[in-house]
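Here are a few notes from my look through this one. Have the structure open while you read, and take the points in any order you like.

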Amino acid sequence: MTFDFELQAAATDEGIVLSLGEKHSFPLETVFAFLNVNTLREVLTQAVLQAPMFMTRWRWNASRALALLRFVGGKRVPPQIQRMRAEDLLAAVFPDAIACQDNFQGARTIRQIPDHPLAQETIRDCLTEAMDLDGLIAVLEKIERGAIACLAVDTPMPSAFCHEILNANPYAFLDDAPLEERRARAVDMRRSLPPELAGGMGALDQSAIDQVSEESWPVVRDAEEFHDALLSLGWVPCERMPGWDLLVPKLAAAGRVATLWQGETKLGWLAGEYRHYAGLLFPDARIDPATGPIDPTEQVEQEEVLNRVVLGWMESIGPTTARELSLTLHLSESDVQSTFLRLESQGHLLCGPDQMSLAGIARSGQRAPRSTRSVVLPRSMSRRLSCAFVAMTIKSTSNSAPAARIHSTGSPLPNN
């Protein structure tokens, strides 16, 4: 495959990106045939000669073979001098390795590998130690046999798995183009899931929602915590306070709680500091006691009271709708819906679209930090690995295990 075009490429442990121009168009399935098992070794050998690791491995092998002296006259040779002498030695042993690319024309199109032990050892180290040539050959053979299936997908925008390689750091670049001129950086990446997937794989886990809702609800164990809950929620209906009413007499004696009545029906309780909320939320209700030792020190409007009450409840419960919250607080649905919109504009709530699968209802409000738990919860459900398994994995990947050690098959020392 010839592009006749200066490619921009980057590679990491997770993927490879090739940045082509607008004039290039070819079937994506042909990408899997760019590398062939029969020519793979020759192609990689020529590519290794232009990689920085070749000169590093060459200097290392030359020093081990005593072809380069690191100490002269009892003094250490400076590293820059060692690099210069290593390059001079390479020019004498392997002149094509540092030859100018423009001189490879006509019959001389590839670099000829000399039959020198240092050159052969360096190339072998690059292909088998720095890279895994045998593993790549095995993968390509499985692809050719069909044991590994390759799927080419043409998408209008990159998937989430491409974001890392598209935003790769300069150390992953395989060409000389600077960061600000990378074509990959100009690709528009998706910031959210498409609408057709938002109700499926984009929905939050219900178990995460239930866990957050349970953790957010106030814990009441004594009168002081009951009073703190009243201050956080604004006011609490009777049906949402199982067992809390036993703490009311103690707070009522100190004037720190007030009872809200609708005729002969008890609606709920308010903190003594928020006694004036009752007249704004329920004009026809009466409050007992009507006055107390703690008088309100501020004048607030009805919208401000609705904002405080709704926000206090949304910080203590999970996703809900305006209808459900209005039934819980005995407020009108229109008031709660308008409060949702005000809090959303202020950045306090997240309101989902119609028929949002998160709660399975028309419109839902959610406190902003809640969605991160869906990522944390699956991690907490993951199985822990034993120390022995981790140690064995490190040994096998670092070639320190007995079965994974790499043994030299030849000596880098030149024949005298």
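1. Let me begin with a side-chain pair: Thr259 and Trp269 are joined by a polar contact of 3.2 Å between their side chains. Keep in mind that this is a predicted model, so please read every value below as computed from it.

2. Staying with Thr259, you will find this residue in strand β6, which covers residues 257–262. Is Thr259 buried or exposed? Its relative accessible area is 12%, and because the cut-off for buried is under 20%, Thr259 counts as buried. Setting aside neighbours within four places in sequence, its contacts are Lys266, Gly268, Trp269, Arg286, Ile287 and Asp288. Trp269, the polar partner, is thus on the contact list too.

3. Now the aromatics. How many aromatic pairs does a search of the whole structure find? The count is 4. One of them is Phe54 with Phe94, an edge-to-face pair with 6.3 Å from centre to centre and 80° between the planes. What does this pair tie together? Phe54 belongs to helix α2 (residues 52–64), while Phe94 is in the loop between α3 (79–93) and α4 (117–130), so the pair links parts 40 residues apart in sequence. Both rings belong to buried residues: Phe54 has a relative accessible area of 2%, and Phe94 comes in at 1%.

4. Tyr274 and Tyr277 make another aromatic pair, this one stacked, with the centres 4.5 Å apart and 5° between the planes. Tyr274 and Tyr277 are both buried.

5. Two arginines are worth a click as well. Arg64 lies over the face of Trp60, 4.9 Å from the ring centre. Arg182 has its charged end over the ring of Phe173, at 3.8 Å from the centre of that ring.

6. Finally, have a look at the hairpin. Strands β1 and β2 form it, with 4 residues between them. β1 (residues 8–11) pairs with β2 in the antiparallel sense, over 4 bridges. Within that pairing, Ala10 stands opposite Val17 of β2.

7. Which side chains of β2 point to the buried face? Along this strand (residues 16–19) the side chains alternate. Val17 and Ser19 point to one face and are buried, whereas Ile16 and Leu18 point to the other and are not. Val17, then, is a buried residue that has Ala10 opposite it.

Terms used: Residues are numbered from 1 along each chain as its sequence is written. This is a predicted model: local features need pLDDT of at least 70, side-chain atom pairs count only at pLDDT 80 or more; totals for chains, interfaces and linings use all residues. Side-chain values use heavy atoms; hydrogens and water are left out. Helices (H or I, at least four residues) and strands (E, at least two) are DSSP runs, numbered from the N terminus. Buried means under 20% relative accessible area, exposed over 50%, partly exposed in between (1.4 Å probe, protein chains only). A polar contact is a pair of N or O atoms within 3.5 Å; within protein, one must be able to donate a hydrogen and the other to accept it, and residues adjacent in sequence count only if both atoms are side-chain atoms. Contact means heavy atoms within 4.5 Å. Rings of Phe, Tyr and Trp (its six-membered ring) pair if their centres lie within 6.5 Å; planes under 30 degrees apart count as stacked, over 60 as edge-to-face and the rest as tilted. A charge sits over a ring if NZ of Lys or CZ of Arg is within 6 Å of the ring centre and within 35 degrees of the ring normal. Two strands pair if DSSP finds at least two bridges between them.
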